[in-house]
Amino acid sequence: MAPIHPSATGEPRPREAGFTLTELLVVLAIIGLLIAAVPLVLQSALPGTRALAAARGLAGDLRAARGAALASGATTAVRFEPARQDYIVEPGAHRHALPAGIGFTLPRGQDEIAFYADGSSSGGAVVVGAPTHKHRIVVDWLTGHVALD
């Protein structure tokens, strides 16, 4: 605690409010440590975020294919190519690639999900993600509803 110096009249003056240099340096050091930890936290969350974004993108494309089938009155299919880790929306052959390091898997024997003019579909499931962060997209065969787990 700082000493109290008497005023010109001889009465003691109270200590003025404020922070010492040591207190400010301690706070700055703590803030510096927190800022240094932020990139580590963000880097560990990045694969999960990329996998979720890819899964949401694929689910959106499946929903758009169902909407196109309903609007056109014709079958629309999403054809998966596991060797290339991409998929094609037909008709129109719009090819969509997943981000690097993000892949998908399908049940054995399934390579497409078709949506029909009445809103139904062939049904199926696709697992999208990185090795440690996976998301499952399920298409209901009766309603054509696309759900992301």
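This passage describes the fold, the nonpolar core and surface, the β2–β3 hairpin and the salt bridges of a predicted model.

The secondary structure of the chain amounts to 1 helix and 8 strands, and the order of these elements from the N terminus is α-β-β-β-β-β-β-β-β. Of the 149 residues in the chain, 27% are buried. When contacts between residues at least 6 apart in sequence are considered, 46% of them join residues at least 24 apart. The chain exposes about 9700 Å², and carbon and sulfur atoms supply 65% of this area.

The largest nonpolar core comprises 24 residues, within which Leu62, Phe80, Phe115 and Val128 have the most contacts. At least two residues of this core are supplied by each of α1 (21-72), β1 (76-81), β2, β5 (112-115), β6 (124-129) and β7 (134-139), and the largest share, 8 residues, comes from α1. Such an arrangement may be set beside a general tendency: in soluble globular proteins, nonpolar side chains tend to be buried together. Leu62 touches Val78, Ile113, Phe115, Ile137, Val139 and Val146, when residues up to four places away in sequence are not counted.

Nonpolar residues also occur at the surface, where Leu21, Leu25, Val27, Leu28, Ile31 and Ile35 make a nonpolar patch of about 610 Å². Ile35, one of the residues of this patch, is found in helix α1; with a relative accessible area of 57%, Ile35 is classed as exposed because this value is over 50%.

Strands β2 (residues 86-90) and β3 (residues 94-97) run antiparallel and are joined by 4 bridges, with Ala97 in β3 as the bridge partner of Asp86. The hairpin formed by these strands has 3 residues between them, and Gly92 in this hairpin takes a positive phi near 110°. Pro91 is also placed in the loop between β2 and β3, and the peptide bond that leads from Glu90 to Pro91 is cis, with omega near 5°. A further backbone feature concerns Gln85, which lies in the loop between β1 and β2 and has a positive phi of about 55° although it is not a glycine. In general, most residues other than glycine have a negative phi, and most peptide bonds are trans. Gln85 is partly exposed, with a relative accessible area of 25%.

A search of the whole structure finds 6 salt bridges. In one of them, the side chains of Arg79 and Glu90 meet with an N to O distance of 3.0 Å; this pair links distant parts of the chain, with Arg79 in strand β1 and Glu90 in strand β2, 11 residues apart. Both partners are partly exposed, Arg79 having a relative accessible area of 29% and Glu90 one of 25%. Glu90 is thus a residue with two features described here, since its side chain meets that of Arg79 in a salt bridge and the peptide bond from Glu90 to Pro91 is cis.Glu81, Arg84, Asp86 and Arg95 are linked in a network of salt bridges. Within this network, the side chains of Arg84 and Glu81 meet at 3.8 Å, N to O, and those of Arg95 and Asp86 meet at 2.8 Å, N to O. The residues of the network vary in accessibility: Arg84 is exposed, with a relative accessible area of 52%, whereas Glu81 is partly exposed at 23%. Arg95, at 40% relative accessibility, counts as partly exposed, while Asp86, at 3% relative accessibility, counts as buried because this value is under 20%. Asp86, the bridge partner of Ala97 in β3, therefore combines a buried position with a side chain that meets Arg95 in a salt bridge.

Strand β7 includes Lys134, which counts as exposed at 53% relative accessibility. Leaving aside neighbours within four places in sequence, Lys134 is in contact with Val127, Val128 and Gly129. Lys134 and Ala51 are 83 residues apart in sequence, yet their C-alpha atoms are 6.8 Å apart in space.

How values were computed. Residues numbered from 1 in each chain as written. Predicted model: local features only at pLDDT ≥ 70, side-chain atom pairs only at ≥ 80, totals over all residues. Heavy atoms only, no water. Pairing = 2+ DSSP bridges. Core = buried A, V, L, I, M, F, W, Y, C linked by side-chain atoms within 4.5 Å. Buried < 20%, exposed > 50% of the residue type's maximum accessible area, 1.4 Å probe, protein only. Contact = heavy atoms within 4.5 Å. Patch = residues over 30% accessible without salt bridge, like charges linked within 9 Å, V, L, I, M, F, W, Y side chains within 5 Å. Areas by Shrake-Rupley, 256 points an atom, 1.4 Å probe, with all protein chains shown as cover. Salt bridge = Lys/Arg side-chain N within 4 Å of Asp/Glu carboxyl O.
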